[in-house]
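Reader: Hello! I am new to this structure and would love a close look at one part of it. Could you walk me through it in one go?

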Amino acid sequence: TATRGDRRSAFGAEFLRWMLSDGAGAAVIENRPRRDGLSLRIDWSLLESHAHRYPVCMYAGVAEAASIRAGGTWQDQRTVTAADSAAMLNLRQDVALLNGVVALGVERYVALVREGRIDPDAIDHLLCHYSSEYFRGDIVKLMCEAGLMIPEDRWFTNLHTKGNTGAASIYIMLEEALRTGRFVEGDRVLLMVPESGRFSVSFVHLTCVGPGEAEYMGSAVDRGQAAPTPGRPQGASPEGSPNDWLLEELALVWAGFELALSRVPIVARIENHAATRHDYLRLLLNMRQQVMEGARWITRAASNLTVEYTDLRAEFIHHAAEEQRDFRMLEDNYVSCGGDLDTIRSADKNVGSEALSAFMFHRADQVNPLDLLGAMYIIEGLGAHKADRWVALLRDQLDLTDEQVTFLHYHGGADQEHTEEMFEILRSDIITWDVARSIVKTAKVVARLYALQLEEIDHG
């Protein structure tokens, strides 16, 4: 029987084996437009490395990323054959970190909009590199939630015909879009490339220009200024709608939360196909204590909403009524997987759950605790973004039945509905600047405490 590490390592190697295609691309860069067709003027480019923030995502030469040390590489083996037998020559990827790459890319996109370098409404074409269609859905969802979506009919990809060609992908996309007549003079093109090898993210803003537009254009550096880019004025969000600012800020909070989740051991095992049934039992046991109290703090928050928020109070009470029995699904799943009912009912909250629960009840006790919309954004977002994926991964790894994953399966759909309802509230006129700032702060606190709650599963 393969060990957990063997399964994780094997999946990481197989993932890259099937997800990478062969290809090459290049671009000619000159200081003047071509004479016989469209050219693409580089308005600005950005390339940032975030390798210092995250562990290695793609690696070779060792059997496990955690075993990178002197004396433990393929070069330390007696022969190449011995290194190959130890699975040290395979290129691997820690797939648990990949969602973090998506979040990092969108996080930087939102920041560039806030800085005035990108105006989503002014972009005619978005060429975004992603290794799988699965990740496109995540990018779209995060952009939509930030209120900064570039309509999908402006997106172009040839992933389905050319495959994931890694570093060559953006060049191959750009060449095909230009060659097939997708671009016309005056169009603005945004290239977006989140890269997972060592967590870098890059953007390039281009403008399509006709032949002979300028005899000599030079570079932004030559001209001593940044190339002109249509976009929002810098700092536009704080001067505009508190609703727009709030959605953008929450998107940044979520991106940070998703990256934090990628470092949580039990999440990494689920994502890396290395979870055990014991992991799943511990997940259910630890979540049950917090879920059981969810309806209680929502109800208490509703009781502290004053008369001008009557409609919101009704929303809170309806939400609490829908979720007050959810902990029973967790109990049923736990017992169905071999756990003891008395054990899950009598278990103490872990350190993270204690902190999260105390904070929720403290905020719910305040008059008009509208900031708890930030807590709901994180908690409901976790179900909407992660539950269905975790169901699929856990069923595949642990051979679970429908009856053993009812809690996660239910929340995959229900939390999506709750999230959509919550966004209607976040776009409503109850959001003032003070309310918006309080929602963002509470979202940050809850994101940190929820990650701590999951981290503590391995310490119990």
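Reader: Let me start with a single residue: does I431 count as buried or exposed, and at what relative accessibility?

Author: Happy to help, and please keep in mind that this is a predicted model. I431 has a relative accessibility of 4%, and because buried means under 20%, I431 counts as buried.

Let us see where that residue sits. I431 belongs to the loop that links α17 (406-426) to α18. Setting aside neighbours within four places in sequence, the residues in contact with I431 are P242, N243, L246, I425, L426, A436 and I439. L370 makes a good landmark too: 61 residues separate I431 and L370 in sequence, while their C-alpha atoms are 9.0 Å apart in space.

From that loop we can step into α18, which spans residues 433-455. α18 packs against α16 at an angle of about 40°, and the two axes are 6 Å apart. The two helices are therefore oblique to each other. As for handedness, α16 passes α18 in a right-handed crossing. If you would like to find this meeting place on screen, look on the α16 side for L372, L373, G374, A375, I378, I379 and L382. Their partners on the α18 side are I439, T442, A443, V446, A447 and Y450. You may recognise I439, which is also one of the contacts of I431.

α16 has another partner, helix α9 (residues 242-262). Here the axes come within 11 Å and cross at roughly 60°. That makes α9 oblique to α16, and this crossing is right-handed. On α9, the residues that take part are L250, A251, V253, W254, F257, E258 and L261. They meet Y377, I378, G381, L382, H385 and K386 of α16. I378 and L382 appear here, and both are also listed where α16 meets α18.

Now let us move back along the chain to helix α15, which covers residues 351-364. This helix has 14 residues and reaches 20 Å from its first C-alpha to its last, close to the 20 Å expected at 1.5 Å a residue. The N-terminal end of α15 is capped by N350, with a side-chain oxygen 2.9 Å from the backbone nitrogen of G352. G352 is also one of the buried residues of α15, along with S353, L356, S357, F359, M360, F361 and A364. A general point helps when reading such a list: an α-helix has 3.6 residues a turn, so residues three or four places apart point the same way. What covers the buried residues of α15 includes α11 (277-303), as well as the α16 and α18 we have already visited.

Between α15 and α16 there is a loop, and N368 lies in it. N368 has a positive phi of about 50° although it is not a glycine. With a relative accessible area of 21%, N368 is partly exposed. A87 offers a companion example, since its phi is near 60°, again a positive value in a residue other than glycine. You will find A87 in the loop between α2 (80-85) and β3 (92-93). A87 is partly exposed as well, with a relative accessible area of 25%.

Since α11 helps to cover α15, let us follow α11 to another of its neighbours. The axes of α11 and helix α13 (residues 326-336) come within 9 Å and cross at roughly 160°. These two helices are therefore roughly antiparallel to each other, and their crossing is left-handed. α11 contributes Y280, L281, L284, L285, M287, R288, V291 and M292 to the contact. From α13 come D326, F327, L330, E331, N333 and Y334.

L281 of α11 deserves a second glance. At 15% relative accessibility, L281 counts as buried. Beyond neighbours within four places in sequence, L281 is in contact with Y334, C337 and G339. L281 and G338 are 57 residues apart in sequence, yet their C-alpha atoms are 8.3 Å apart in space.

Finally, let us step back to the whole protein. There are 18 helices and seven strands. Of the 460 residues, 52% are buried. Among contacts between residues at least 6 apart in sequence, 81% join residues at least 24 apart. I431, where you began, is one of the buried residues.

Methods:
Residues numbered from 1 in each chain as written. Predicted model: local features only at pLDDT ≥ 70, side-chain atom pairs only at ≥ 80, totals over all residues. Heavy atoms only, no water. Helix = DSSP H or I, 4+ residues; strand = E, 2+ residues; numbered from the N terminus. Expected span 1.5 Å × (residues − 1). Buried < 20%, exposed > 50% of the residue type's maximum accessible area, 1.4 Å probe, protein only. Contact = heavy atoms within 4.5 Å. Polar contact = N/O pair within 3.5 Å; in protein donor to acceptor, adjacent residues only side chain to side chain. Axes fitted to C-alpha atoms, helices over the stretch in contact; angles between N-to-C directions. Parallel < 35°, antiparallel > 145°, perpendicular 65-115°, else oblique. Left-handed = near helix turned anticlockwise from the far one by under 90°.
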